[in-house]
Every structure is written in C-alpha cells, then in structure tokens.
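Please examine the following model alongside its sequence. The explanation below proceeds from sheets to cores and then to a single loop position.

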Amino acid sequence: MLAKLFFTIIFIWIGGHSFAQTIITGKLLDENQKPIANVTVSYKKIGSAALLNFSKSDASGAFKLTVKVSDVDSVQLDFNHLSYAKRSVHVANATANYAYILKSEVRKIQEVKVSDVPVYNRKDTINYNVASFTGAQDRVIGDIIKKLPGVEMRNGQIFYQGEPIQQYRVNGLDMMGGRYGLINQNLPADAVMKVQILENHQPIKMLDKLVFSNRATLNLQLKKFTTTGTGKLGLGAAPALWDANITPMTFAKTFQMLNSFQTNNVGDDVSQQLKPFYSGTGYFTARSRFSDGPSYLSIREVHSGFRSEKMVEQPDLFNE
Amino acid sequence: MKILFYPLFFLLFQFTVHAQVKPVAFDMKIMYKFTYQNDSTSSASRKSIFTQLTIGEQESHFQTLSKFRADSALALAHGSNMLFYSYGRIAPNNFLIIKREDIISTYDPMNGVGFSGNNELSYYEENKADMQWEIHPDTAHIHHFVCQKATTDWGGRKWIAWFTMDIPISDGPYKFCGLPGLVLSISDQDKYFIFDMVSISKVNSVSATFDQLRPDLIIQKTTKANFYKERQKLRDNMIEYALLTGAILSDESKINIRAEMKTDNNPIERH
C-alpha cells in the first residue's frame with residue numbers, strides 16, 4: 001500500500017514538470033531565403049505589454065526559446081531587428097519548430113530632441129541656460145553655478161571636471177583677474193542669460209593652437225549690458241550687530257566696473273570674496289599665472305575674535 | 001625569402017587591427033546623463049556629466065562627452081606633442097568602452113589622464129555573456145517609449161535597468177548590453193550611479209582613431225582584476241609616485257592629496 005502511494009507521487013511530479021516548460025525552436029529567413037542572425041526573439045502573453053523571455057538567432061538564423069508559462073494555450077512571438085520589419089505571430093504553447101520570413105525594412109527610430117536638456121554645445125563651448133537651473137531660493141549667480149553638471153564649488157573656488165577654471169569672464173572680459181568671488185557672490189542670477197564653459201580654452205590668443213590647454217574658462221553672458229548689483233542690510237539687537245553689503249556693478253560693451261562696500265560684525269569673513277583663485281592649484285604642475293589682478297583701493301579693518309570688517313574697493317577694467 | 005615575408009606581414013596586420021586604425025562610422029547617438037558619487041561617505045560628492053553612446057553597424061562606443069570633445073580637439077590639432085604627467089586625482093571618466101560581437105573592450109588610462117597628456121592606455125576585454133539579466137513584468141514610460149524592467153547582479157552591484165523594445169538595439173550606457181532593446185535608464189541599488197537617457201539622434205559621424213589622437217600611443221593589455229588592483233595601488237601611493245617623478249611637495253599638499261585620495265572610494269565596479 002505504501003509503495004503504491006510513493007509511485008503515484010513521483011508520477012505526478014514528473015508530469016507537472018514537463019508541462020511547465022516548452023521549447024520553441026525555429027529559423028528566420030529573409031525574402032531571398034538567406035538566414036538572418038541577431039534577431040531578437042521574445043515571447044509574451046497575448047495582449048500584455050511585458051515580454052517574459054528572449055533569445056537571439058544565431059548565424060544560421062536558428063533560434064531556441066524556452067517558454068515557461070503554463071496557464072495559457074498560446075503565446076505571442078515577436079521578432080525584432082533594426083533592418084527588418086517587426087513581425088509578431090501567435091503560436092500554440094507547445095514544443096514545436098517553425099520557420100518565418102522577415103521583410104527587410106529600415107526601422108525608423110523615434111528621435112528624442114535635446115531641447116529637454118538645459119545644456120547645449122557649440123564647438124568647444126557648453127552653454128547652460130540659467131533660467132532652467134534657477135530655483136526659488138537662488139539669488140546670486142554662484143547659487144546657479146554650483147548646481148551645473150560637471151561644475152563644483154569648493155570654498156568659493158570653481159572647478160570644472162575636477163580642474164580649477166582658469167578664467168572667470170563676464171561678457172568675455174576677465175575683469176576681476178582671479179578674484180571672481182566678488183562677482184559670484186553678488187551678481188544677481190536673473191541678470192545672467194547663460195553660463196558658458198569654454199573647454200580646452202587657451203586664454204592667451206597667441207598661444208592658441210600652439211599650446212594645448214585642458215582647462216576651462218567660465219563666461220557669463222548677461223541678458224543685456226547693464227548696471228546691476230546687490231544690496232543687503234541686516235541689523236541685529238544689542239550690543240549692535242550689522243551686516244551690510246552694497247555692490248553695484250556696470251557691464252558695458254567695453255567698460256566694466258564693480259564697486260563693493262561691505263561691512264559686518266557678525267563673523268562673516270568678507271575677505272573670502274577677495275581671495276584670488278587663479279594661482280596654481282594643480283598638485284604638482286605649477287601652473288602659476290598668478291598676478292595681483294586689477295588695482296584695488298581698499299580699507300580693511302580686522303579685529304581678532306568677533307570680526308568687524310570694512311572694505312572698499314574699486315577695480316575697473318577698460319578694454320581698448 | 002618569401003616564407004619570411006608572410007609571417008611578418010601577418011604580425012603587422014594584427015598589430016594595426018589592435019590599434020584600431022579603421023575609423024568607425026556611426027549612425028546613431030544616444031546621450032545619457034551620468035550621475036555618480038565617488039565618495040560613498042558624502043552625498044555632497046555627487047556629480048553629473050554627460051556621456052554618449054554612438055552606435056555603428058558593427059560596434060558601439062561609449063565615453064564621456066568631455067573626453068570625446070578633448071579627443072576631437074586633439075585630433076583636429078593633429079596630435080599634440082606636449083607631455084605632462086601629473087599625478088593628481090585619478091579622473092575615473094577617461095574610459096572608452098567598445099562593444100563588438102560578444103566582447104566588451106575597455107580602454108582606460110591607469111592614471112586617469114586623457115590623451116592630451118598621456119600616451120599609455122590600458123586595455124582589457126570582458127565577455128558580454130558575463131552579464132546575466134533577469135526580466136521583470138514591470139513596465140514604465142520614459143519619454144514616449146514603453147520600457148520594461150530588468151535586473152542584473154554585475155560588477156559587485158545590483159543594477160536595475162529599463163529597456164525599450166521600441167529600439168531593438170541590444171546596447172546601453174557604460175558596459176550594459178545584452179537585453180532585447182536599448183537601455184534608457186539604469187541605476188545601481190544604492191543609487192550611487194545613475195544613467196538616464198537625455199537624447200536620441202541620428203548622426204553621420206566617424207570615430208577618431210587612436211593613431212589620429214596619439215601616434216605614439218602604447219596600449220597595454222591587461223585583465224579587469226589587474227587593472228583595478230593597479231589603479232588602487234596607484235591611488236594608495238600617489239605621493240610616492242609623485243616624489244619619484246621629481247615633484248616637490250609641501251606638507252600641506254601631501255595632506256591634501258591623501259585626503260582627496262580617500263574621497264575616491266566608490267568605483268562603479270567593485271572588485
């Protein structure tokens with residue numbers, strides 16, 4: 001009695017197993033009876049979107065597909081190849097061998113335009129549309145620049161693909177000569193139309209095409225030649241805290257000027273904005289093209305401890 | 001004499017094929033935004049760059065847009081003989097991945113420096129079949145394309161990919177391939193590395209050959225395991241290498257280099 005039961009169980013198990021898996025084989029030919037290789041053969045339940053398994057035809061056009069569904073009588077086979085028309089057939093869910101002919105047809109791929117990307121490039125220049133990167137909390141251009149793909153900011157210094165940028169220009173003019181923190185922290189974001197990264201830029205025109213540069217220059221294209229700037233006034237309670245910043249700037253076609261009057265006693269180190277960033281920061285390659293930059297008229301008072309600072313400066317730059 | 005000639009010819013032929021002399025014609029370009037985090041301890045280290053997959057009849061090339069641009073500029077300048085060898089941070093994104101038939105070939109400079117300042121290139125091969133995909137019934141729309149989910153356990157990470165049968169090309173960003181349709185989006189489980197399709201366009205372009213970029217290029221064949229091991233060694237001993245090449249380092253920059261090397265602790269493939 002016991003032995004009989006045992007045999008029955010084994011029989012059921014084998015039977016169920018051989019049902020669950022069918023193998024569909026076949027051959028794919030073109031209209032001239034030539035075999036087609038690399039056709040994707042996939043199957044799915046009729047009427048569903050998701051395919052369940054796939055394989056590929058080999059050099060002789062043969063394919064072998066294991067079908068692992070048992071709850072349907074027939075399945076849909078899809079044949080996909082870029083150079084042939086798509087073909088779908090319904091076949092019985094049973095082990096069998098088929099042959100199909102695919103019509104040659106160059107498949108049209110739906111293109112996706114780059115307009116969704118707020119970045120475009122022309123030659124060696126990458127343009128970032130400022131408007132698409134601007135969020136509600138972004139006030140000055142520095143807030144935008146640090147969000148751009150490929151760009152990062154460490155302690156106010158700007159890096160492009162891990163390398164410090166070699167120039168920071170506004171409308172093509174390098175006014176601040178390395179002390180670009182002042183523009184970066186004070187130029188309102190909405191005055192800027194786009195930020196451009198000039199890759200492999202050789203700032204010295206005479207050396208262009210002679211000395212290859214792998215560093216980038218950043219340029220801000222303003223919406224118009226304009227006088228702009230930021231003003232900020234903060235006052236605190238006793239004994240008396242203040243934080244004031246008035247930075248008017250003018251960008252004309254050949255004349256640029258930036259004035260900055262900042263004073264605070266809240267511990268904000270304003271001199272950070274005056275730090276020159278162009279000096280060689282590559283580890284071992286001395287790339288020092290470091291100059292003091294434009295002339296500065298400055299008054300600074302620095303007290304230790306709780307800081308109080310005043311700075312007045314007036315760099316300007318004429319482009320003959 | 002004739003007998004000698006034939007083997008010689010054969011040898012020469014093999015070498016030139018290896019150095020990729022024939023330019024490859026591409027008819028399709030897919031751009032992906034690549035977001036990566038090379039420091040697993042700091043989410044602030046997340047960066048994103050654009051990468052491109054160019055597909056031709058026989059093979060596809062995958063590289064970062066900045067590498068492609070730097071190479072193109074170099075090719076136009078007919079090669080630069082300027083040579084600097086800086087042991088700075090290893091730029092992990094100077095790779096070129098070529099998928100051809102059943103093989104994935106990776107060309108990647110050990111020290112990460114691009115062609116403009118480096119004439120040594122490591123090269124290793126992998127089999128496409130190493131990447132085993134599991135197909136899931138989940139579907140989603142990316143742009144206008146119906147995509148389906150697939151997962152793979154590969155390179156020490158679990159990857160979740162979305163491919164579309166609307167583009168029956170068995171390819172994708174980075175080394176990913178082998179699905180019945182193009183991979184439009186893929187990320188690892190921890191979201192350290194994300195590739196997202198941003199554009200698909202028809203092109204009519206030709207690749208620059210290594211010869212155009214660097215006639216003096218030395219290609220060193222290695223294995224993937226060895227490549228990652230050597231790169232780790234270089235990363236650990238950056239200062240010693242630099243001193244060997246005659247660099248003079250202040251104590252401050254030594255500290256900086258060590259700190260920076262530590263932040264590079266999360267390569268896309270774990271070995």
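**Strand pairing, cores and a buried glycine**

In this predicted model, strand β5 of chain A, residues 74-81, pairs with β6(A) in the antiparallel sense, and 7 bridges connect the two. Within this pairing, A:L77 has A:V89 of β6(A) as its bridge partner. Strands of a sheet pair through backbone hydrogen bonds, in either a parallel or an antiparallel manner.

The two strands belong to an open sheet of 4 strands in chain A, ordered β3-β2-β5-β6, in which the pairing is antiparallel. Its edges are β3 (53-56) and β6 (84-92) of chain A; each has a single partner strand, so one side of each is left without a neighbour in the sheet. On average, neighbouring strands of this sheet are turned by 20 degrees against each other, direction ignored.

Chain A as a whole contains 4 helices and 21 strands. Of its 320 residues, 28% are buried. When contacts in chain A between residues at least 6 apart in sequence are considered, 54% of them join residues at least 24 apart.

Chain B may be described in the corresponding terms. It has 6 helices and 12 strands, and buried residues account for 33% of the 271 residues in chain B. Among contacts in chain B between residues at least 6 apart in sequence, 55% link residues at least 24 apart.

How are the strands of the 12-stranded open sheet in chain B ordered? The order is β7-β8-β9-β10-β11-β1-β2-β3-β4-β5-β6-β12, and the pairing is mixed. The edge strands are β7 (133-142) and β12 (218-221) of chain B, each of which pairs on one side only. Neighbouring strands of this sheet are turned by 25 degrees against each other on average, direction ignored. At the β12 edge, β6 of chain B (residues 120-127) and β12(B) run parallel and are joined by 4 bridges. Here B:L121 stands opposite B:I219 in β12(B).

The largest nonpolar core comprises 38 residues, and those with the most contacts inside it are B:I30, B:Y32, B:A161, B:F163, B:V183 and B:L184. Several strands of chain B give two or more residues to this core, namely β1 (25-37), β2 (46-56), β4 (96-100), β8 (145-154), β9 (157-164), β10 (182-188) and β11 (193-206). The largest contribution, 6 residues, comes from β1(B).

The surroundings of B:F163 illustrate the packing in this core. Apart from its neighbours within four places in sequence, B:F163 is in contact with B:C147, B:Q148, B:A150, B:L179, B:G181, B:L182, B:V183 and B:L184. A second, separate core has 29 residues, including A:V130, A:L148, A:Y160 and A:V170.

A last position of interest is B:G155, which lies in the loop between β8 and β9 of chain B. Is B:G155 buried or exposed? B:G155 counts as buried because it has 21 C-beta neighbours inside 10 Å, where the criterion is 20 or more. Leaving aside neighbours within four places in sequence, B:G155 is in contact with B:E269 and B:R270. B:H271 is 116 residues from B:G155 in sequence, yet their C-alpha atoms are 7.3 Å apart in space.

Note on methods. Residues are numbered from 1 along each chain as its sequence is written. Chains are lettered from A and ligands numbered from 1 in the order in which they are written. This is a predicted model: local features need pLDDT of at least 70, side-chain atom pairs count only at pLDDT 80 or more; totals for chains, interfaces and linings use all residues. A nonpolar core is a set of buried Ala, Val, Leu, Ile, Met, Phe, Trp, Tyr and Cys residues joined through C-beta atoms within 7 Å. A residue is buried if 20 or more other C-beta atoms lie within 10 Å of its own, exposed if 12 or fewer, and partly exposed in between; C-beta atoms are placed from the backbone. Two residues are in contact if their C-beta atoms, placed from the backbone, lie within 7 Å. Two strands pair if DSSP finds at least two bridges between them. Axes are lines fitted to C-alpha atoms, for helices over the stretch in contact, and angles run from 0 to 180 degrees between N-to-C directions.
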